[in-house]
Amino acid sequence: RSGFVAIIGRPNVGKSTLMNHLIGQKIAIMSDKPQTTRNKIHGVYTTDEAQIVFLDTPGIHKPQSKLGDYMFKTAESALKEVEAALFLVDVAEGIGGGDRFIIEQLKKVKTPVFLVLNKIDKIEPEKLLPIITEYKDLYDFAEIVPISALQGNNVETLLAQLIRYL
Ligand code: GDP
Ligand code: MG
């Protein structure tokens with residue numbers, strides 16, 4: 001199985017960290033500053049059963065400048081080019097306006113979207129279910145997978161689910 005997968009989400013949710021974990025190399029630039037990832041960065045994940053090209057996109061957000069506008073288009077066009085998208089959110093932050101804006105963009109495409117609840121290492125396990133419910137009310141996600149990109153928790157499960165969509 002093979003295909004293209006976009007990793008989307010607002011700045012600092014852990015997109016580059018996840019990509020680095022998946023690919024096992026430091027290809028995407030990581031930083032605490034938003035917008036370090038200026039363009040799509042492709043990482044290729046290959047095993048005996050699958051080849052997945054991951055696109056680490058700039059954060060989708062309301063454009064505030066010419067540069068922001070360019071970066072927004074890059075993320076939006078990435079959505080149309082892929083077999084599936086991973087929408088990463090920071091569970092410790094809660095749903096923000098940025099997330100709602102992205103969800104509005106998701107509604108414009110038919111691409112299956114995974115809700116990836118990242119940074120589960122930062123919250124109490126019992127807080128997870130109410131967060132899932134909140135997101136479910138906003139969009140019909142193909143799958144919902146809680147992970148810690150930093151620690152690698154549940155990333156294998158995410159991959160296994162993803163492969164089924166390719
Ligand atoms: P991006 O802007 O979405 O690409 O986010 P980055 O991958 O650059 O990560 C932003 C910050 O969040 C960095 O300081 C990461 O170390 C941190 N981070 C990413 N994933 C996790 C996680 O699962 N748990 C915790 N605690 N921190 C994380
Ligand atoms: Mg990044």
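Q: Taking helices (H or I, at least four residues) and strands (E, at least two) as DSSP runs numbered from the N terminus, where does lysine 119 lie?
A: Quick housekeeping: residues count from 1 along each chain as its sequence is written, with chains lettered from A and ligands numbered from 1 in the order written. This is a predicted model, where local features need pLDDT of at least 70, side-chain atom pairs count only at pLDDT 80 or more, and totals for chains, interfaces and linings use all residues. As for lysine 119, look in the loop between β5 and α4.

Q: Is lysine 119 buried or exposed?
A: Lysine 119 has a phi near 70 degrees, a positive value in a residue other than glycine. The burial cut-offs count other C-beta atoms, placed from the backbone, within 10 Å: 20 or more is buried, 12 or fewer exposed, and in between partly exposed. Lysine 119 has 22 such neighbours, so it counts as buried.

Q: How does lysine 122 count by burial?
A: Lysine 122 also sits in the loop between β5 and α4. Beyond neighbours within four places in sequence, lysine 122 is in contact (C-beta atoms, placed from the backbone, within 7 Å) with Val91 and Ala92. Its C-alpha atom is 13 Å from that of valine 89, 33 residues away along the chain. Because lysine 122 has 13 other C-beta atoms within 10 Å, it counts as partly exposed.

Q: What pattern does the chain follow along the sequence?
A: The chain has five helices and six strands. Of its 166 residues, 34% count as buried. Reading along the sequence, you get β-α-β-β-α-β-α-β-α-β-α.

Q: Which element gives the most to the largest nonpolar core?
A: A nonpolar core here is a set of buried Ala, Val, Leu, Ile, Met, Phe, Trp, Tyr and Cys residues joined through C-beta atoms within 7 Å. The largest one has 34 residues, and those with the most contacts inside it include Ala85, Leu86, Phe87 and Val116. Elements that each supply at least two of its residues include β1 (2–8), α2 (66–80) and β5 (113–118). With six residues, the top contributor is β4.

Q: How many residues of β5 are buried?
A: Val113, Leu115 and Leu117 are buried on one side of β5, while Phe114, Val116 and Asn118 are buried on the other. Valine 116, for one, touches Leu86, Phe87, Leu88, Val145, Ile147 and Leu158, leaving aside neighbours within four places. The rest of the structure largely encloses β5, because its buried residues number six of the six.

Q: Which residue of β5 is the bridge partner of leucine 86?
A: Strands pair here if DSSP finds at least two bridges between them. β4 and β5 run parallel and are joined by six bridges. For leucine 86, the partner in β5 is phenylalanine 114.

Q: Which residue of β6 is the bridge partner of phenylalanine 114?
A: β6 (residues 143–146) pairs with β5 in the parallel sense, over four bridges. The two strands and helix α4 (residues 128–136) make a right-handed β-α-β unit, that is, the path from strand over helix to strand runs clockwise with the strands pointing away from the viewer. Across in β6, phenylalanine 114 bridges to glutamate 143.

Q: How many of the nine residues of α1 are buried?
A: Right after α1 comes glycine 24, with a positive phi near 75 degrees. Buried residues of α1 include Lys15, Thr17, Met19 and Leu22. Of the nine in this mostly covered helix, the buried count is seven.

Terms used:
Contact = placed C-beta atoms within 7 Å.
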